[in-house]
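Trainee: Could you take me through one part of this model in close detail? I would like to start with a sheet and then see what surrounds it.

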Amino acid sequence: MKARLTLLSLFLCTTIFAQDRIMIDQVVAVVGNRIVKHSDVETQLNHMRMQGDPVTDYSYCQVLEQLMIDRLFQHQADLDSIVIPESAVEENLDRRIRFFIQQIGSRERLEEFYGRPIIAIKEEFRDMIRAQMISQEMERTITADVRVTPSEVRQFFNDMHPDSIPLIPAQFEIYQIIRTPAISREQSNEVRDRLTGFRNRILQGERFSTLATMFSECPSSRQGGELGLFGRGEMHPEFEATAFSLRDGEVSQVIETPFGLHILQLIERRGENVNVRHILLRPQPNIEDLDRERVFLDSIAELIRDSVYTFQEAARLFSEDPSGRVGGLYVSPFTGNSRVTAEEMETGIFFVVDNFEEGQISNAALFVTEENEQAVRVLMLSRRFAPHRANLEQNYDVIKSMAEAEARQARMAEWLSQRLRTQYVRLNAAARNCTFEHNWGQ
């Protein structure tokens, strides 16, 4: 039996009118003590459009059902006293806004798209993000003990229809040796003087955000150098100490971290979190130092070809990258995998090794690291794996992940089925026309 009708349900089909009696919103569903409004669905659909996801005739019903599940999770989280810290919500919100700005090109274009300022956009998304985070926490709680044994993985694979077995694209196992020339005091001082000049210009009235957009070497330059709210322990200690010591609007002296040299400006302090802008500049080695490292690595490559060292031995001895500790094994920065597809590796690496034979070693070449530093490296293609259908011998982890995902999905479906037998749910006429995956008692 469903729970007794609550007062909240009286608002189910109530339409909210402005003074001119034009409909602007309405409640489309009630789940427990939570409601889903038409505007909630439209906000999610706009979110999908912003990310480039397809929005079809069925998207409204799909989004509505997910929001109904979110409301069910929120109701259960209230009963289980599960709370998401506001600092985590704000951090997630700031990260989403930065992503949207990157996708659309600028803060101004984002504000134009939504027809309101950034602060209003944040208000619109805050509750949605909190609900999503609660849902994720509930899903983790419900499926925390889901495990699959090796025999279950094998049974899952044996039960798969041949067309459902994923095609594994060509993969590569690659090793690298990286050298980064030391930065001279002269080069560091030149960058420090540039930042001091920027600081003086800001103190004389120029906008920090304008200079950050024009000159900062951090991706945050797209947002005028703004990083969003962060708490203690989330940044490099020197950067964090400076950020928390500033007063509103104050501009720091030049500071140095492993990422380069910075100046910071405090935007706001909210509880135990701060939001700052910064300008990052990285001193770069001169061409003579880079060429010296290139010649050195070419000589190391020759020693490897002559079998004086194995590639792994040379990487441990001469590489200045953390991968040198594991013999130079390249790991995709996108997936963390050591067997990488063309899409999972840096573009520059793929162009080098695409036509290599196994064991072939490249000449030393200049490249730019993830930290935007100029460096030199040699590469070796260790193994090439041809495209194939996944199998237990080569791709056990892939199949295990699929089996675990199915087991978690089954656990969630069972949990939802049990809750919906006793949970109060009410849908308006439009929602009752939807075809849902779960039985909401339409």
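Mentor: Four strands make up an open sheet in this predicted model. Their order is 9-5-11-10, and the pairing is antiparallel. Strand 9 (339-340) and strand 10 (365-368) are the edge strands. Each of these two pairs on one side only. As a general point, strands of a sheet pair through backbone hydrogen bonds, either parallel or antiparallel.

Take the strand 9 edge. Strand 9 pairs with strand 5 (residues 171-179) in the antiparallel sense, over two bridges. Look for Phe172 there: it stands opposite Val340 in strand 9.

Now bring in a helix. Helix 10 (residues 287-305) packs on the sheet. It touches strand 5, strand 10 and strand 11 (374-385). The direction of helix 10 makes about 30° with that of strand 11.

Go to the other edge. Strand 10 and strand 11 pair over four bridges, again in the antiparallel sense. Phe367 faces a partner here: it stands opposite Ala375 in strand 11. These two strands form a hairpin, with five residues between them. In that hairpin, Asn372 takes a positive phi near 65°.

Next, see what meets strand 5. Which residue's side chain reaches the backbone nitrogen of Ile178? That residue is Ser319, and the distance is 3.2 Å. Ser319 sits in the loop between helix 11 (311-318) and strand 9. Is Ser319 buried or exposed? Its relative accessible area is 13%, so it is buried, the cut-off being under 20%. The side chain of Ser319 has a second backbone nitrogen to note: that of Asp321 lies 3.3 Å from one of its polar atoms. Leave aside the neighbours of Ser319 within four places in sequence. Ser319 is then in contact with Gln176, Ile177 and Ile178, and also with Ala314 and Gly324.

Compare another loop residue, Asn391. Asn391 is found between strand 12 (388-389) and helix 13 (392-420). Its relative accessibility is 17%, so Asn391 counts as buried. A polar atom of the Asn391 side chain lies 2.7 Å from the backbone nitrogen of Gln394. Residues up to four places away in sequence are not counted in the next list. Asn391 touches Phe157, Tyr396 and Ile399. Then check a long-range pair. Asn391 and Leu167 are 224 residues apart along the chain, yet their C-alpha atoms are separated by 9.8 Å.

Now turn to links between side chains. How many disulfides does the structure hold? It holds one. The disulfide joins Cys61 to Cys434, with 1.9 Å from S to S. In general, a disulfide is a covalent bond between the sulfur atoms of two cysteines. The angle about the S-S bond is -75°, and the link of Cys61 and Cys434 is left-handed. Cys61 lies in helix 2 (residues 59-80), and Cys434 in the segment after helix 14 (429-432), so the pair ties together parts that are 373 residues apart in sequence. Cys61 and Cys434 are both buried. Another cysteine, Cys218, is also buried, with a relative accessible area of 15%.

Salt bridges come next. The count comes to 22. Start with Glu86 and Arg130, whose closest N and O atoms are 3.0 Å apart. This pair links distant parts of the chain: Glu86 is in helix 3 (residues 86-104), Arg130 is in helix 5 (residues 118-143), and they are 44 residues apart. Glu86 is partly exposed, at 42% relative accessible area. Lys122 and Asp94 also form a salt bridge, at 2.9 Å from N to O. Lys122 lies in helix 5 and Asp94 in helix 3, so this pair ties together parts 28 residues apart in sequence. Both Lys122 and Asp94 are buried.

Then find Arg192 and Glu256. Their side chains meet in a salt bridge of 3.7 Å, N to O. Arg192 is in helix 7 (residues 185-203), Glu256 is in strand 6 (residues 255-257), and 64 residues set them apart. Arg192 is partly exposed, with a relative accessible area of 28%. Glu256 counts as partly exposed too, at 48%. Finish with a network. Salt bridges that share partners join Glu90, Glu123, Arg126, Glu268 and Arg270 into one.

Notes:
Residues numbered from 1 in each chain as written. Predicted model: local features only at pLDDT ≥ 70, side-chain atom pairs only at ≥ 80, totals over all residues. Heavy atoms only, no water. Buried < 20%, exposed > 50% of the residue type's maximum accessible area, 1.4 Å probe, protein only. Contact = heavy atoms within 4.5 Å. Polar contact = N/O pair within 3.5 Å; in protein donor to acceptor, adjacent residues only side chain to side chain. Disulfide = S-S within 2.5 Å. Salt bridge = Lys/Arg side-chain N within 4 Å of Asp/Glu carboxyl O. Pairing = 2+ DSSP bridges. Axes fitted to C-alpha atoms, helices over the stretch in contact; angles between N-to-C directions.
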